[in-house]
Amino acid sequence: MNSNNEAEFDDEEELHHHDEMEHGEIEHDDKSNPTEHEQDEVAYAEVEPDDTFTHDSPVLIDVDDLSVVFQGQTILQDIDLSILRGQTIAVIGESGCGKTVFMKTLVGLIAPTHGSVSFDGRRFDQMSMTELTQTRKRFGFVFQNAALFDSMSIFENVAFPLRQNEVVPETEVHERVMQHLFEVGLPSEVARKYPAELSGGMRKRVGLARALILRPELVVYDEPTTGLDPIMSDVINELILETRRRYPVTSIVVTHDMHTARKVADRVLMFYPRRRLGVDESQVLFDGSPSDLEHADDRRVRQFVRGEAGERLKEMSLHSEG
Ligand SMILES: Nc1ncnc2c1ncn2[C@@H]1O[C@H](COP(=O)(O)OP(=O)(O)OP(=O)(O)O)[C@@H](O)[C@H]1O
């Protein structure tokens, strides 16, 4: 571990605390529970369109000359970009290219080796612990596996951040939890259930409700559709869009799902593994609108979005045995 990344250890433990709670999870039994699609018949709350993002929006996150090195291995190098308030950004790229490391530096969970990351005008490395804690309350995380507490009811799972961070009367806790469950299309009966009684898609929606309960300014989605069928993936995509319409949030979506990237994002960043780039090449191979992905100048981008292995097959010697 590079000493510059020391901040990562404690914070990652904090980030993954919920993940650890998932051990011992009982597989969903489709026969004994309502199907996801039955649950989807619940009407979503009506949403007024609210396109607050414009290209003149203020900068929320500023990444300045960012590099991250782990044990001598450069994971991210010379990244310079700004994320505007209200943008929805999809971060794509092959496994191991640094998407997760990038996402964690954006929220101050990994300290850059060089350069800096600022949130709302304040550099993470210049914040006191109190400021860092206060700043983190402005973020919501939607984890890949939903990361719910198995021993708590759905109601208590969603109420958890509220009880931890705010002093609110029980009637308000109840109102806010039920409202957020409703907003993610879950019926009120779900509140009494436990995570093991829900399907994967329903758990993801509970995870989204929990991430939104403190009304974060930034929501980070880590592989939000992984492991879901195409219909349920699209339900999640719609929820990401709907969340964006409902609240003035900025969203970062780390995903391998090109349908998700195209559908929810107004900007796509494609990373490439540093070790496979030439010296003067930028690690961000693509930074633009999803509609331009197919016609990107860089062949590696076009191949990635089309799912073509291209010359990687030769590199991996897959054809060498003839
Ligand atoms: N804490 C760490 N210590 C050392 N190396 C790390 C650490 N975290 C990530 N890495 C390395 O950084 C590289 C990028 O990892 P990262 O998880 O960001 O990739 P990714 O693009 O998110 O991949 P995937 O799509 O498979 O999740 C990998 O080589 C990984 O082994």
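Over which residues does pLDDT stay under 50, and how many contacts beyond four places in sequence does the model have for them? The stretch is residues 6-49, where the model has 52 contacts beyond four places in sequence. Where pLDDT is low, the predicted coordinates should not be read in detail. This caution applies from the start, since the structure discussed here is a predicted model.

**Confidence and overall composition**

Across the protein chain the average pLDDT is 82, and 80% of the residues score at least 70, while the scores for the model are ipTM 0.97 and pTM 0.82. The protein chain holds 11 helices and 10 strands, and of its 322 residues 36% count as buried. If one takes the contacts between residues at least 6 apart in sequence, 71% of them join residues at least 24 apart.

The UniProt record, an unreviewed entry, places the feature "domain: ABC transporter" at residues 61-298. In the model, that span is 33% helix and 25% strand, and its end C-alpha atoms lie 26 Å apart.

**The nonpolar core**

In soluble globular proteins, nonpolar side chains tend to be buried together. The largest nonpolar core of this model has 72 residues, and those with the most contacts inside it are A90, V91, V206, V220, V253, V268 and M270. Helix α7, residues 200-212, supplies the largest share of this core with 6 residues. For A90, leaving aside residues up to four places away in sequence, the residues touched are V253, T255, T260, A261, V264, A265 and V268; V253 and V268 are thus partners of A90 and are also listed with A90 among the residues with the most contacts inside the core.

**The ligand shell and helix α3**

The ligand is surrounded by 12 residues, of which the closest are F70, S95, K99, T100 and V101. By class, the residues of this shell divide into 4 nonpolar, 6 polar and 2 charged. Helix α3, residues 99-106, gives the most to the shell, with 3 residues.

The same helix can be described by its burial: 6 of the 8 residues of α3 are buried, so α3 is largely enclosed by the rest of the structure. The buried residues are K99, F102, M103, K104, T105 and L106, and K99 is also listed among the closest residues to the ligand. Just after α3, G108 takes a positive phi of about 75 degrees.

**Individual residues in loops, strands and helices**

Two aspartates have a positive phi although neither is a glycine: D78 at about 55 degrees and D120 at about 50 degrees. D78 lies in strand β2, residues 73-84, whereas D120 lies in the loop between β4 (114-119) and β5 (122-123). With 14 C-beta neighbours inside 10 Å, D78 counts as partly exposed, and D120 is likewise partly exposed, with 14 other C-beta atoms within 10 Å.

Three further residues, P58, M258 and P273, can be set out by their C-alpha separations from partners elsewhere in the chain.

| Pair | Separation in sequence | C-alpha to C-alpha distance |
|---|---|---|
| P273 and E94 | 179 residues | 7.8 Å |
| M258 and R306 | 48 residues | 8.8 Å |
| P58 and G86 | 28 residues | 9.0 Å |

P273 is found in the loop between β9 (267-271) and β10 (284-288), and with 15 C-beta neighbours inside 10 Å it counts as partly exposed. Not counting residues up to four places away in sequence, P273 touches E94, G96 and C97, so that E94, its partner in the table, is also a contact of P273. M258 lies in helix α9, residues 258-264, and this residue counts as partly exposed with 17 C-beta neighbours inside 10 Å.

Is P58 buried or exposed? P58 is exposed, with 10 other C-beta atoms within 10 Å, and its place is in the loop between α2 (36-39) and β1 (59-70). Not counting residues up to four places away in sequence, P58 touches L84 and R85. Helix α2, on one side of this loop, spans 36-39, and residues 6-49 are the stretch over which pLDDT stays under 50.

Methods: Residues are numbered from 1 along each chain as its sequence is written. UniProt positions are given in the numbering used here, feature names are shortened, and annotations may be inferred rather than shown by experiment. Helices (H or I, at least four residues) and strands (E, at least two) are DSSP runs, numbered from the N terminus. A residue is buried if 20 or more other C-beta atoms lie within 10 Å of its own, exposed if 12 or fewer, and partly exposed in between; C-beta atoms are placed from the backbone. Two residues are in contact if their C-beta atoms, placed from the backbone, lie within 7 Å. A residue is near a molecule or strand if its C-beta atom, placed from the backbone, lies within 6 Å of it. Ala, Val, Leu, Ile, Met, Phe, Trp, Tyr, Cys and Pro count as nonpolar, Asp, Glu, Lys and Arg as charged, and the others, Gly among them, as polar. A nonpolar core is a set of buried Ala, Val, Leu, Ile, Met, Phe, Trp, Tyr and Cys residues joined through C-beta atoms within 7 Å. pLDDT is the predictor's confidence in each residue, from 0 to 100.
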